[in-house]
Amino acid sequence: MAHIPHVIGGEKVEAAERTQPIFNPATGEQQHELGIASVETVERAVAAAQAALPMWRKTSLTKRADVFFNLRQLLKQRTPELAAIVTSEHGKVLSDAAGEIARGLENVEFASGLLHLLKGERDEQVSTGVDVHSVKQPVGVVAAITPFNFPVMVPLWMIASAIACGNTVVLKPSERDPSASVFIADLFREAGLPDGVLNVVHGDKVAVDTLLDSRDVKAISFVGSTPIAKYIYERAAANGKRVQALGGAKNHMLVMPDADLDMTADAAVSAAYGSAGERCMAVSVVVAVGGVGDELVAKIAERMAELKIGDGTDPASEMGPLITQEAKERVESYVAGAAAEGATVVVDGREAEFAGGGFFTGVSLIDHVKTDSKVYRDEIFGPVLAVVRVDSYDEGLQLINDHQFGNGTAIFTRDGGVARQFEFEVEAGMVGINVPIPVPVGSFSFGGWKDSLFGDSHIYGPESIHFYTRSKVVTTRWPNAEPSKVDLGFPSNS
Ligand code: NAD
């Protein structure tokens, strides 16, 4: 059984006082063993990152950009291999795994434009003979802590920009599907990244807390569930670190009476059940406005019956298993409790039968969901779609704005005026107009509102350059520009 190593200072390290099994979710069998990092192992990784920092800071922007150009090529060439790793540990189908790699590549492409992104500003003659310019300098060692559901894309959201800005990184990937991070570190090395700039440690709360408390770690990027995001934000901020902590979601799709219902049903099924609903941008609630509910629910159920659920390595499969047995039991418990909460279970995923082992569950559709129920309030993070019926646009909007989460949302309509009003009024960080999963392209930044994000800065794209740099402003006067004299007054511009 393969042992998955940490990557510290360019070396594969097999330090493990505790171990944890890594399963193949499609079979339920253990396939690897993961060493869980101790405090000492994490401190070693931070020390390696700290040691590499002066060298990487000094490395020219052109040389840094070269790494990203090379990495882009390597990631494209090695996509099938990396996708197979993702599928074997996460369970998502191969095409979906390749899709997340393609979205992660956008961050590598963005980072390769670092010469432009790191430009400062300059003002000449702010006072007589005096000029001012600003520069963007790295913050130092960055810790990147990531969830299980996108083991390639989310690490790339963070490490591409962090490294481009001249920082060094300790990546702590999810302990449920850790191998992709080691593969990415190997590709970075092959692309020319010097040892110690990107380190990977596997672990749990012990590793995370060590990073949060380390004096040498200057910034924390976190993506995961809301309770942990809040904890990370509070502890890192109390320790004086820069922190962005992205949390959970409950993404609503508002369906207006004039929507194209076939297009809407296709979008709802794709966005609710893709990757078994284990996406922070999955649609988990359809809000049916003014009488479209019956027809829409029928169209969704019709499409659900056609879905092929199976091992992600089978090209015929459209949806794979859940990540763990516990996740399966948790998701199914919501379906089991839905009727008692006053909802109608239209399709019960627990009834689907699967040969062999694995953490499979079927797709579920729950109609007439009450807004005070657990099915509505909680992030289920599985293939369960709730339908809420409302009488008007205003009622639907209010419901979305009242929800704890504000990650993504979408409106389906043919009316541009209503779509514009929705865009203006809705309280969520990312909005789709007839687009069910509005994950911004890499040249924009990603982030939710309310309990979907703690901190000021969204992730990747332009906001990441701001997050991963400190600005310095330099005021300059040269002796030959203007004659000088002693002046004890406070500097004022003349
Ligand atoms: P999680 O919160 O359980 O784990 C995320 C990371 O936190 C992991 O690296 C884990 O090791 C660490 N962690 C877990 N418990 C901890 C603790 N008590 N103390 C310190 N660290 C701890 O999340 P997950 O189950 O891996 O991922 C799914 C969640 O992530 C969902 O809630 C999903 O919505 C969210 N997510 C959000 C986004 C976004 O962009 N907002 C993107 C992807 C996933």
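# Notebook: two domains and a ligand site

I began with the boundary between the domains and counted eight residue pairs in polar contact between domain 1 and domain 2, both residues of each pair being at pLDDT 80 or more. I note at the outset that this is a predicted model.

**Entry 1: the side of domain 1.** I asked which elements give two or more residues to the side of domain 1 that touches domain 2. They are helix H3, residues 79-90, and helix H4, residues 94-111. I recorded that H3 gives the most to this side, with three residues. I then sorted the residues on the side of domain 1 that touches domain 2 by character, and found seven nonpolar, eight polar and five charged.

**Entry 2: the division of the chain.** I looked up where the domains lie along the chain. Domain 1 is made of 2-247 together with 452-474, and domain 2 covers 251-433. The contact draws 20 residues from domain 1 and 24 residues from domain 2. Taken over C-alpha atoms, the centres of domain 1 and domain 2 are 31 Å apart.

**Entry 3: area and charge between the domains.** I read the area buried between domain 1 and domain 2 as about 1800 Å². Carbon and sulfur atoms give 62% of that area. I next asked how many salt bridges are counted between domain 1 and domain 2. The count is one. Separately, I looked at the side chains of Arg279 and Asp96, which meet in a salt bridge with an N to O distance of 2.9 Å.

**Entry 4: the ligand.** I turned to the ligand and found 28 residues surrounding it. The closest are Lys172, Glu175, Ser225, Gly247 and Glu379. I followed Ser225 further: an N or O atom in its side chain is 2.6 Å from an oxygen atom of the ligand. For Lys172, a polar side-chain atom lies 2.7 Å from an oxygen atom of the ligand. I also checked Phe148, where a backbone N or O atom lies 3.0 Å from an oxygen atom of the ligand.

**Entry 5: Lys205.** I asked in which helix Lys205 has its place. It belongs to helix H8, which covers residues 205-213. I found that the side chain of Lys205 makes a polar contact with the side chain of Tyr231, at 2.9 Å. Lastly, I compared Lys205 with Gln30: these residues are 175 residues apart along the chain, and their C-alpha atoms are separated by 22 Å.

Notes: Residues numbered from 1 in each chain as written. Predicted model: local features only at pLDDT ≥ 70, side-chain atom pairs only at ≥ 80, totals over all residues. Heavy atoms only, no water. Domains from an automatic or database assignment. Contact = heavy atoms within 4.5 Å. Buried area = accessible area lost by both parts, 1.4 Å probe. Salt bridge = Lys/Arg side-chain N within 4 Å of Asp/Glu carboxyl O. Polar contact = N/O pair within 3.5 Å; in protein donor to acceptor, adjacent residues only side chain to side chain. Helix = DSSP H or I, 4+ residues; strand = E, 2+ residues; numbered from the N terminus. Nonpolar A, V, L, I, M, F, W, Y, C, P; charged D, E, K, R; others polar. Near = heavy atom within 4 Å.
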